[in-house]
Amino acid sequence: MNKLFFLTLTDTELSYENFSEDFFIGIFATKQEAEATARYYLENVKGFCDFPCTKKIKEKQIADCSAEACPSVVWIANGWNENEFYDEVDIIESDCFISEENGRAELEKLQKAFPRQEWTFVQWKIGELFWQDGFVRTA
């Protein structure tokens, strides 16, 4: 297995010009798992079923994978800038890495090639779900 599927749901009413109000839901081993999770959230989870939200499933490579089995966790580097409203913009994201060492090396390359205000380097568990309680909008 050398690819994974990232599920993001977007509140289209709160998105504008160069900003998208995205909710990262999780990383999945198959596109079918991501599709089923998106359907469930859009039909049943507070906020996602109450407001006009759309799904985005992005296929991501596992850069240092040679095995056929799906890993249980991966490392990913992210960088971004903030606009005048403190929204995250100009987001850059690495491929997935099974090895923390390989992921950190990629983070260093990205930081040199793409200056950003903020960076993270995070380990993600495959199949873990975020935003399970949904969201509410405040006035």
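Strand β2 makes the greatest contribution to the lining of the largest pocket, supplying seven residues, in what is a predicted model. That pocket has a volume of about 740 Å³, and 23 residues line it. Two open three-stranded sheets, one with the order β2-β1-β3 and the other with the order β5-β4-β6, are described below together with the helices that pack on them.

**The largest pocket**

- Among the 23 lining residues, those that lie nearest the centre of the pocket are Asp-22, Phe-24, Glu-88, Ile-91 and Glu-93.
- At least two lining residues come from each of the strands β1 (3-16), β2 (19-28), β3 (53-61), β4 (73-82), β5 (88-93) and β6 (118-125).
- By residue class, the lining of this pocket comprises twelve nonpolar, four polar and seven charged residues.

**The sheet β2-β1-β3**

- The strands β2, β1 and β3 form, in that order, an open sheet in which the pairing is antiparallel.
- Because β2 and β3 each have a single partner strand, they stand at the edges of this sheet, and one side of each is left without a neighbour in it.
- Direction ignored, neighbouring strands of this sheet are turned against each other by 30 degrees on average.
- The antiparallel pairing of β1 with β3 extends over nine bridges, and within this pair of strands Thr-10 stands opposite Thr-54 in β3.
- Helix α1 (residues 31-44) packs on this sheet and touches β1, β2 and β3, with a direction that makes about 30 degrees with that of β1.

**Thr-10 in strand β1**

- Is Thr-10, a residue of strand β1, buried or exposed? The relative accessible area of Thr-10 is 8%, which is under the 20% limit, and Thr-10 is therefore counted as buried.
- Once its neighbours within four places in sequence are left aside, Thr-10 is in contact with Ser-15, Ser-20, Glu-21, Asp-22, Pro-52, Cys-53 and Thr-54; Thr-54 is also the residue that stands opposite Thr-10 in β3, and Asp-22 is one of the residues that lie nearest the centre of the largest pocket.

**The sheet β5-β4-β6**

- The other open sheet also has three strands, in the order β5-β4-β6, and its pairing is antiparallel.
- Its edges are held by β5 and β6, each of which has a single partner strand, so that one side of each is left without a neighbour in the sheet.
- On average, and with direction ignored, neighbouring strands of this sheet are turned by 30 degrees against each other.
- Helix α2 (residues 100-113) packs on this sheet, where it touches β4, β5 and β6, and its direction makes about 155 degrees with that of β6.

**Strand β4 and its partners**

- Why is β4 described as largely enclosed by the rest of the structure? Eight of the ten residues of β4 are buried, and the strand is therefore largely enclosed.
- β4 and β6 run antiparallel and are joined by eight bridges, with Val-73 standing opposite Lys-125 in β6.
- The antiparallel pairing of β4 with β5 runs over four bridges; Gly-79 has Ile-92 in β5 as its bridge partner, while Asn-81 stands opposite Val-89 in β5.
- β4 and β5 also form a hairpin with five residues between them, and in its turn Tyr-86 has a positive phi of about 65 degrees.

**Lys-125 in strand β6**

- Which residues does Lys-125, found in strand β6, touch when residues up to four places away in sequence are not counted? They are Ser-72 and Val-73, and Val-73 is also the residue that stands opposite Lys-125.
- Lys-125 and Ile-76 are separated by 49 residues in sequence, while their C-alpha atoms are 11 Å apart in space.

Notes. Residues numbered from 1 in each chain as written. Predicted model: local features only at pLDDT ≥ 70, side-chain atom pairs only at ≥ 80, totals over all residues. Heavy atoms only, no water. 1 Å grid on protein atoms, 1.4 Å probe; cavity = no way out; pocket = protein on both sides within 12 Å on 5 of 7 lines; lining within 4 Å. Points joined across faces, edges and corners; volume = space filled by probe spheres on them. Nonpolar A, V, L, I, M, F, W, Y, C, P; charged D, E, K, R; others polar. Buried < 20%, exposed > 50% of the residue type's maximum accessible area, 1.4 Å probe, protein only. Pairing = 2+ DSSP bridges. Contact = heavy atoms within 4.5 Å. Axes fitted to C-alpha atoms, helices over the stretch in contact; angles between N-to-C directions.
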